[in-house]
Amino acid sequence: MADLIQKKLQGELEKYQQLQKDLSKSMAARQKLEAQLTENNIVKEELGLLDATNTVYKLIGPVLVKQDMDEAKATVSKRLDYIAGEIRRYELQMQESEKKAEQQREVLARLQQEYQRAQGKGVAKA
Amino acid sequence: MQAPGTASPLSAAQVGRLRQEQGKVVTSCQEKIQHWRKVENDYEALQERLNTLPDKLSYDIMVPFGPLAFMPGKLVHTNEVTVLLGDNWFSRCSAKQAMGLVEHRKKHVRKALEDLQKVMKNFESRIEFTEDLQKMSDAAGDIVDIREEAENDGTETKGKRRTAHKPHSKPKVSDVFEVHFQENGMDTKFKGYSQSEEELWARLEELERREEMLGEFDRTPDTIEANGEDTTSSEEEKEDKTDLNVVHGVEDSATQDNVQKEVTNSELFSGQVNGRSHYHSDDEDDLGVDHFVPTIFFSHTVEPKRVRINTGKNTTLKFSEKKEEAKRKRKNNNGNGHLVPELPNIKTPADIYRLFLELL
């Protein structure tokens with residue numbers, strides 16, 4: 001009886017650890033996105049500071065590709081929106097993971113209690 | 001973070017750990033601040049360079065060729081700079097425009113620096129607080145918990161005293177006195193007392209009756225008449241006292257108490273009216289009987305007044321003190337069995353008054 005519970009406990013524990021990893025991954029991704037967000041904001045502002053006479057290049061690999069000013073501005077805005085959307089998605093993901101982790105924690109606690117009880121009984125028997 | 005004011009006191013270990021964590025935050029803040037300061041310095045150097053660059057059309061420089069070699073060369077188109085805007089975006093602009101961009105970036109850096117400094121200050125103050133807490137806990141051995149117990153002992157003690165008197169007041173004797181008073185003190189029945197005692201009891205009864213009568217006067221206004229009467233009866237009471245003292249040796253403590261009370265009552269008879277009324281009520285409580293005096297007035301303020309308004313007889317002061325000490329000792333003897341300490345009376349503010357005035 002105690003062994004069964006122990007196995008169950010281990011299984012649940014692994015699941016919980018997996019959830020925790022997912023959570024931390026989402027967290028890291030979100031932080032990266034945050035940094036990109038700020039950067040793109042700065043780019044947007046600086047593009048605003050420049051006028052049409054300057055040429056704007058985009059670095060694609062080892063190549064600097066000439067871009068149109070307006071095109072560049074539009075691209076940057078689109079990128080900003082995209083990043084914001086990604087952040088929201090990751091936020092939701094994190095919340096869900098958090099909820100699942102909570103549930104898993106409860107399950108673990110219950111199992112632990114059962115296991116201890118079973119152990120106690122086993123000791124009494126022995 | 002647990003607030004020290006909560007019910008569960010922080011252990012020393014927890015406080016230490018808190019201090020550690022706060023220290024970590026502060027150090028990380030400091031590191032970031034250093035980093036941002038470096039960045040700002042770099043930008044300033046850059047601005048300097050941008051300023052000077054367009055001064056000349058071309059510069060003769062030693063161009064680095066790899067990590068170990070240099071080659072003489074020329075820096076041309078000094079006004080044209082390609083600026084990295086971030087996120088793989090570049091832009092070709094003049095030196096002045098580049099200056100503008102750099103300036104704009106510096107704004108961001110300064111903002112970040114300010115935020116970090118605010119955070120650091122916050123945490124520094126927190127650290128200070130935690131350190132104080134730690135010191136306190138180290139000094140006291142525990143978190144200092146200031147508790148004040150609400151002292152309603154004044155009324156309680158009075159009440160207790162009252163109630164204590166009742167049980168302590170030797171029931172037999174009280175019965176006796178009851179009988180006496182009901183019969184207007186004319187009855188001379190004494191249950192199991194010696195002849196001399198009987199006489200004394202009779203005497204006491206008379207005095208008590210007188211007291212009661214005067215007590216009625218007391219209830220209404222403070223009167224000098226009472227005092228006058230007091231003085232007349234004081235001598236007799238003193239006599240009684242001496243006689244009773246002799247008797248005391250024979251009797252048990254219970255009766256002794258009562259007798260003493262009687263005596264004190266009579267003594268106070270010579271004192272102030274208010275005081276007497278007070279003790280009278282005490283006595284009444286002792287006896288647990290409804291005497292002529294219907295009401296019992298108890299007030300803390302009464303006592304100090306009584307004590308202060310010295311009727312010229314310091315005996316009032318001293319006597320009250322002694323009486324209460326005796327009462328306490330009796331109580332303790334009857335109840336706890338251990339003696340009262342040197343300052344037995346300080347349970348109420350009035351006691352303090354009494355003591356101090358006595359000392360004066």
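## Strand pairing between the chains

Strand β1 of chain A and strand β4 of chain B, the latter covering residues 89–94, are joined by three bridges and run antiparallel. One pairing within this arrangement can be named: A:Lys58 has B:Trp89 of β4(B) as its bridge partner. The structure described here is a predicted model.

## The fold of chain A

Chain A contains two helices and two strands. Followed along the sequence, these elements come in the order α-β-β-α.

Of the 126 residues in chain A, 29% are buried. Contacts in chain A often link distant parts of the sequence: among those between residues at least 6 apart, 78% join residues at least 24 apart.

## The extent of the interface

How many residues of each chain take part in the contact between chain A and chain B? On the side of chain A there are 23 residues, and they are in contact with 17 residues of chain B. The area buried between the two chains is about 1,800 Å², and carbon and sulfur atoms give 59% of this area. Within chain A, the residues that lose the most area to chain B are A:Glu46, A:Leu50 and A:Tyr57, which together account for 28% of what that side buries.

## Polar and charged pairs

Between chain A and chain B, 11 residue pairs are in polar contact, counting pairs in which both residues have pLDDT of 80 or more. Four elements of chain A each give two or more residues to the side that touches chain B: α1 (2–49), β1 (56–60), β2 (63–67) and α2 (69–125). Of these, α1(A) gives the most, with eight residues. Sorted by class, the side of chain A that touches chain B has 11 nonpolar, six polar and six charged residues.

Two salt bridges are found across the interface of chain A and chain B. A:Arg79 forms a salt bridge with B:Asp87, and the closest N and O atoms of this pair are 3.1 Å apart.

## A hairpin in chain B

Chain B also has strand pairing of its own. Strand β1 (residues 59–65) and strand β2 (residues 69–75) of chain B run antiparallel and are joined by seven bridges. Within this pairing, B:Met62 stands opposite B:Pro72 of β2(B).

What do β1(B) and β2(B) form, and how many residues lie between them? The two strands form a hairpin with three residues between them. In the turn, B:Gly66 has a positive phi of about 75°.

Terms used. Residues are numbered from 1 along each chain as its sequence is written. Chains are lettered from A and ligands numbered from 1 in the order in which they are written. This is a predicted model: local features need pLDDT of at least 70, side-chain atom pairs count only at pLDDT 80 or more; totals for chains, interfaces and linings use all residues. Side-chain values use heavy atoms; hydrogens and water are left out. Contact means heavy atoms within 4.5 Å. Buried area is the accessible area (1.4 Å probe) that two parts lose on being put together, summed over both. A salt bridge is a side-chain nitrogen of Lys or Arg within 4 Å of a carboxyl oxygen of Asp or Glu. A polar contact is a pair of N or O atoms within 3.5 Å; within protein, one must be able to donate a hydrogen and the other to accept it, and residues adjacent in sequence count only if both atoms are side-chain atoms. Ala, Val, Leu, Ile, Met, Phe, Trp, Tyr, Cys and Pro count as nonpolar, Asp, Glu, Lys and Arg as charged, and the others, Gly among them, as polar. Two strands pair if DSSP finds at least two bridges between them. Buried means under 20% relative accessible area, exposed over 50%, partly exposed in between (1.4 Å probe, protein chains only).
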